[in-house]
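Subject: Structure handover

Hello,

Here is the structure I said I would pass on. Please look it over before reading the notes underneath.

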Amino acid sequence: MIHTNDRIIKHKTGLLNLAEELGNISKACKMLGVSRDTFYRYKEAVSSGGVDALLEKNRRVPNHKNRVDTVIEEAVLAY
C-alpha cells in the first residue's frame with residue numbers, strides 16, 4: 001500500500017510542480033488529463049495540510065441504520 005500512496009502523491013505533486021514550472025494551470029491540467037477543479041483541490045489540500053493531505057481519504061460515513069441488533073449478530077456468528 002505504501003507504494004500506491006507514493007505514486008498517488010508523486011502524481012499530484014507532479015501536477016502542482018508542472019503548473020508552477022509552466023506558469024499556466026490550464027496547460028498543466030490538459031497535459032496530465034486533470035480538471036482545473038481537481039488542481040485547486042490538490043493545491044488547497046497542500047496549503048492546509050502539507051503533502052500528506054494529498055492521500056486519499058475515505059469519505060464514507062458508516063450507515064448504522066443497516067446494522068442488526070448485537071444479539072442477532074452474535075447468534076449468527078455463533079451459528
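The notes below go from the overall fold to the core and then to single residues.

Please keep in mind throughout that this is a predicted model.

Overall fold

The protein has four helices and zero strands, so the order of elements from the N terminus is simply α-α-α-α. The radius of gyration is 20 Å, whereas the globule rule gives 12 Å for 79 residues; the value is well over the rule, so the protein is more spread out than a compact globule. Along the principal axes, the C-alpha atoms fill a box of roughly 65 × 25 × 25 Å.

Burial in the protein stands at 19% of the 79 residues. The accessible surface is about 6,800 Å², and carbon and sulfur atoms account for 54% of that area. Among contacts with a separation of 6 or more, 37% join residues that are 24 or more positions apart.

On charge, there are 13 positive and 10 negative side chains in the protein. The centres of these two sets lie 9 Å apart.

Nonpolar core

Which residues make up the largest nonpolar core? There are 12 of them: Ile9, Leu15, Leu16, Leu18, Ala19, Ala28, Cys29, Val34, Phe39, Tyr42, Ala45 and Leu54. Two or more residues each come from helix 1 (2-22), helix 2 (25-32) and helix 3 (36-49). Helix 1 contributes the most, with five residues. As background, nonpolar side chains in soluble globular proteins tend to be buried together.

Leu16 is one of the core residues. Setting aside residues up to four places away in sequence, Leu16 touches Phe39, Tyr42, Lys43 and Val46. Of these partners, Phe39 and Tyr42 are themselves listed in the core.

Single residues

Is Lys12 buried or exposed? Lys12, which is found in helix 1, has a relative accessible area of 6% and is therefore buried, the cut-off for buried being under 20%. Its C-alpha atom lies 10.0 Å from that of Leu32, a residue 20 positions away in sequence.

Arg36 is found in helix 3. Its relative accessibility is 45%, so Arg36 counts as partly exposed. Beyond its neighbours within four places in sequence, Arg36 is in contact with Ile25, Ser26 and Cys29, and Cys29 is among the residues of the largest nonpolar core. Arg36 and Leu54 are 18 residues apart in sequence, with a C-alpha to C-alpha distance of 16 Å.

Asn24 sits in the loop between helix 1 and helix 2. At 33% relative accessibility, Asn24 also counts as partly exposed. Between Asn24 and Ile72, which are 48 residues apart along the chain, the C-alpha atoms are separated by 59 Å.

To recap, the points to carry forward are the radius of gyration of 20 Å against 12 Å from the globule rule, the core of 12 residues, and the buried Lys12 in helix 1.

Regards

Key. Residues numbered from 1 in each chain as written. Predicted model: local features only at pLDDT ≥ 70, side-chain atom pairs only at ≥ 80, totals over all residues. Heavy atoms only, no water. Rg over C-alpha atoms; globule rule 2.2 N^0.38 Å. Buried < 20%, exposed > 50% of the residue type's maximum accessible area, 1.4 Å probe, protein only. Contact = heavy atoms within 4.5 Å. Areas by Shrake-Rupley, 256 points an atom, 1.4 Å probe, with all protein chains shown as cover. Lys, Arg positive; Asp, Glu negative; His and termini not counted. Charge placed at Lys NZ, Arg CZ, Asp CG, Glu CD. Core = buried A, V, L, I, M, F, W, Y, C linked by side-chain atoms within 4.5 Å.
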